[in-house]
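Work through the exercises below with the sequence and the structure open. Each task is followed by a solution in steps.

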Amino acid sequence: MRKIELEIVALSHSITQTHSYAVVLGEVNGLRRLPIVIGGFEAQAIAVALEKMQPSRPLTHDLMKNFMNAFNIELHEVVISNLQEGIFYSKLICYSNEETIEIDSRTSDALALAVRFGCPIFTYENILNSAGILLDDPAGKKSGVKPVTPTISEHEKGAEDDLKVLNLDELTQLLQEVLEQEDYIRAIAIRDEINSRKSR
């Protein structure tokens, strides 16, 4: 089966499941998207790596990367290899001493490691066909799949509005507090609000 390369294009609160997040993978040089619902811890692990934040101590996926590096195991690629009853299954394709090793993994963990190693993410055509969504073609071509419009949940909107009423000193103090609590997703939103004010 032909592998299709994907990249992470979005990470947000899930609008279908409470207390969950959705990571959206986009087809490289294509219009299809693959949304995957993940837990809060996994979303945080992906967000920390995407934003290149440095936690005060290693998160589980950082520890895994350090362990693999210590034993000269290279994560070559991640393959989302199967979809059964709405659950995605993935494999870590690793190299060690000129030997290729496939390791089963939860997809959320595989994505968190892929971001840390900077390795490509792939899936197969049949998985994109069954679980993917197609965006409108900017060239005007019609598709048979209903396009998805990105939305912000009420929870996210409220959190953004809360930040806007705080001054810069209060935001800086809040950023330190949430970093101490290791709430990195909230920290990213606060950091972005601080940066947007400084650039004005």
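## Exercise 1: Strand β2 and its partners

Glycine 26 in β2 is the bridge partner of glutamate 7. The model is a predicted one.

Task: Starting from that bridge, determine how β1 and β2 pair, and over how many bridges.

Solution.
- Step 1. Strand β1 covers residues 3-13, and strand β2 covers residues 20-27.
- Step 2. A further position to check is alanine 10, which stands opposite valine 24 in β2.
- Step 3. The pairing of β1 with β2 is antiparallel and has seven bridges.

Task: Find how β2 runs relative to β3, and how many residues lie between them in the hairpin.

Solution.
- Step 1. Valine 23 has isoleucine 36 of β3 opposite.
- Step 2. β2 and β3 run antiparallel and are joined by seven bridges.
- Step 3. Four residues separate the two strands of this hairpin.

Task: State which residues of β2 point one way and which the other, and whether they are buried or exposed.

Solution.
- Step 1. One set consists of Ser20, Ala22, Val24 and Gly26.
- Step 2. Tyr21, Val23, Leu25 and Glu27 point the other way.
- Step 3. Buried means under 20% relative accessible area. Eight of the eight residues of β2 are buried, and the strand is mostly covered.

## Exercise 2: The sheet and its edges

Task: Give the strand order of the sheet, and explain why one side of β6 and of β8 has no neighbour in the sheet.

Solution.
- Step 1. The sheet is open, has eight strands and shows mixed pairing. Its order is β6-β5-β4-β7-β1-β2-β3-β8.
- Step 2. β6 (99-106) and β8 (133-134) are the edge strands. Each has a single partner strand, so one side of each is left without a neighbour in the sheet.
- Step 3. For β8, the pairing with strand β3 (residues 32-39) is antiparallel and has two bridges. Arginine 33 is placed opposite isoleucine 133 of β8.
- Step 4. Within the order, β7 stands beside β1. Strand β7 (residues 121-124) and β1 pair in the antiparallel sense over four bridges, and glutamate 5 stands opposite phenylalanine 122 in β7.
- Step 5. Phenylalanine 122 also has lysine 3 over its face, 4.8 Å from the ring centre.

## Exercise 3: Helices α2 and α3

Task: Describe how the axes of α2 and α3 cross.

Solution.
- Step 1. Helix α2 spans residues 60-70, and its axis comes within 10 Å of that of α3.
- Step 2. The axes cross at roughly 60°, and α2 and α3 are therefore oblique to each other.
- Step 3. The crossing of these two helices is right-handed.

Task: Explain why α3 is described as largely enclosed.

Solution.
- Step 1. Helix α3 has eleven residues, 107-117, and ten of them are buried. Among the buried ones are Asp109, Leu113, Arg116 and Phe117.
- Step 2. With ten of eleven residues buried, α3 is largely enclosed by the rest of the structure.
- Step 3. The charged end of lysine 65 sits over the ring of phenylalanine 117, 5.6 Å from the ring centre.
- Step 4. After α3 comes glycine 118, with a positive phi near 70°.

## Exercise 4: An aromatic pair

Task: Classify the pair formed by phenylalanine 67 and phenylalanine 71, and state how exposed each residue is.

Solution.
- Step 1. The count of aromatic pairs is one.
- Step 2. In this pair, phenylalanine 67 and phenylalanine 71 lie 5.0 Å apart, centre to centre, with 45° between the planes. The pair is tilted.
- Step 3. Phenylalanine 67 has 46% relative accessibility and counts as partly exposed.
- Step 4. Phenylalanine 71, at 53% relative accessible area, is exposed.

## Exercise 5: Two asparagines with positive phi

Task: Locate asparagine 29 and asparagine 72, and decide whether they are buried or exposed.

Solution.
- Step 1. Most residues other than glycine have a negative phi.
- Step 2. Asparagine 29 has a positive phi, near 60°. Asparagine 72 also has a positive phi, near 55°.
- Step 3. Asparagine 29 is in the loop between β2 and β3, whereas asparagine 72 is in the loop between α2 and β4 (74-84).
- Step 4. Exposed means over 50% relative accessible area. Asparagine 29 is exposed at 84%, and asparagine 72 is exposed at 58%.

Methods. Residues are numbered from 1 along each chain as its sequence is written. This is a predicted model: local features need pLDDT of at least 70, side-chain atom pairs count only at pLDDT 80 or more; totals for chains, interfaces and linings use all residues. Side-chain values use heavy atoms; hydrogens and water are left out. Rings of Phe, Tyr and Trp (its six-membered ring) pair if their centres lie within 6.5 Å; planes under 30 degrees apart count as stacked, over 60 as edge-to-face and the rest as tilted. Buried means under 20% relative accessible area, exposed over 50%, partly exposed in between (1.4 Å probe, protein chains only). A charge sits over a ring if NZ of Lys or CZ of Arg is within 6 Å of the ring centre and within 35 degrees of the ring normal. Two strands pair if DSSP finds at least two bridges between them. Axes are lines fitted to C-alpha atoms, for helices over the stretch in contact, and angles run from 0 to 180 degrees between N-to-C directions. Angles under 35 degrees count as roughly parallel, over 145 as roughly antiparallel, 65 to 115 as roughly perpendicular and the rest as oblique. A crossing is left-handed if the near helix is turned anticlockwise from the far one by less than a right angle, and right-handed if clockwise.
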